[in-house]
Amino acid sequence: METILASAAIAAIISVTGTIVLNIYLNRKTFKNDYFKIIIQKRIETYELLEDQISILKLSVINNDGRNDSPYHQIFSMGTKHLLISTQNLVLANGKSVWLNMKTNNKMTELVQLGNAIGLNSLNDSDLIDAGRKHYWKIAQLRDELEILIQKDILTLYDFSQMIKRKLEDPRIHSTSRT
């Protein structure tokens, strides 16, 4: 009888221990999956900001007023206030660049720098269309290149660790002196 009780006790201890170990393993796995869901969601949100900006930059206008038939993006015809509101997604995505692939981030930065070089914050409404005409092809090129990079990134959006490793291996990150 004692042997049966001892065997039952040992079986119960082994069963409880196995259950505890399995629960710990499953909880860690669940935590890791939840963590990656949050990271992927943050990446998706940042890429959606860029996607919205690309959509805005796809609308073009050509005036047939006899003076200048050069194309420009529609956002340049809506006034400075509207232009700044329309480029807000680009500014927000720039602030969340940690979630972007390095090449995508670099292309987005080129677009932001072009906007700064144009002086979008300081132009008056009448100068916007001229600036839009002058920089139409460069903006269109950057927009198209950014869209292609986003399409490529979507294929590996889940692979955050590889993306971070590539960023950390970038020599530009390590070239600045830290004092």
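This report describes helix α6, its salt bridges and the largest pocket in a predicted model.

**Helix α6**

Helix α6 covers residues 136-154, and since its 19 residues should span 27 Å at 1.5 Å a residue, the 27 Å between its end C-alpha atoms agrees with that expectation. The buried residues of the helix are Tyr-136, Ile-139, Ala-140, Leu-142, Arg-143, Leu-146, Leu-149, Ile-150 and Asp-153. These buried residues pack against three helices, namely α1 (2-56), α4 (102-118) and α5 (125-134), and against the strands β1 (60-61) and β2 (72-73).

**Salt bridges**

Side chains of opposite charge can pair when their charged atoms come close. The structure holds four salt bridges, and those that involve the residues Glu-147, Glu-145 and Arg-143 are set out below.

| Salt bridge | Closest N to O distance |
|---|---|
| Glu-147 and Lys-58 | 2.8 Å |
| Glu-145 and Lys-107 | 2.6 Å |
| Arg-143 and Asp-144 | 3.0 Å |

In the salt bridge of Glu-147 with Lys-58, Glu-147 belongs to helix α6 while Lys-58 sits in the loop between α1 and β1, so the pair ties together parts that are 89 residues apart in sequence. Glu-147 is partly exposed, with a relative accessible area of 22%, and Lys-58 is likewise partly exposed, at 42%.

The salt bridge of Glu-145 with Lys-107 links helix α6, which holds Glu-145, to helix α4, which holds Lys-107, and therefore ties together parts that are 38 residues apart in sequence. With buried meaning under 20% relative accessible area, Lys-107 counts as buried because its value is 14%, whereas Glu-145 counts as partly exposed at 26%.

The pair of Arg-143 and Asp-144 also joins residues of two accessibility classes, for Arg-143 counts as buried at 9% relative accessibility, while Asp-144 counts as partly exposed at 34%. Beyond single pairs, salt bridges that share partners join Lys-107, Glu-110 and Glu-145 into one network.

**The largest pocket**

The largest pocket has a volume of about 320 Å³. Its lining consists of 19 residues, of which Thr-87, Leu-90, Val-112, Gly-115 and Leu-120 are the closest to the centre of the pocket. The elements that give two or more residues to this lining are α3 (88-95) and α4, and α4 gives the most, with six residues. By residue class, the lining divides into twelve nonpolar and seven polar residues, with no charged residue among them. Helix α4 thus recurs in this account, as it contributes to the pocket lining, is packed against by the buried residues of α6, and carries Lys-107, the partner of Glu-145.

Notes: Residues numbered from 1 in each chain as written. Predicted model: local features only at pLDDT ≥ 70, side-chain atom pairs only at ≥ 80, totals over all residues. Heavy atoms only, no water. Helix = DSSP H or I, 4+ residues; strand = E, 2+ residues; numbered from the N terminus. Expected span 1.5 Å × (residues − 1). Buried < 20%, exposed > 50% of the residue type's maximum accessible area, 1.4 Å probe, protein only. Contact = heavy atoms within 4.5 Å. 1 Å grid on protein atoms, 1.4 Å probe; cavity = no way out; pocket = protein on both sides within 12 Å on 5 of 7 lines; lining within 4 Å. Points joined across faces, edges and corners; volume = space filled by probe spheres on them. Nonpolar A, V, L, I, M, F, W, Y, C, P; charged D, E, K, R; others polar. Salt bridge = Lys/Arg side-chain N within 4 Å of Asp/Glu carboxyl O.
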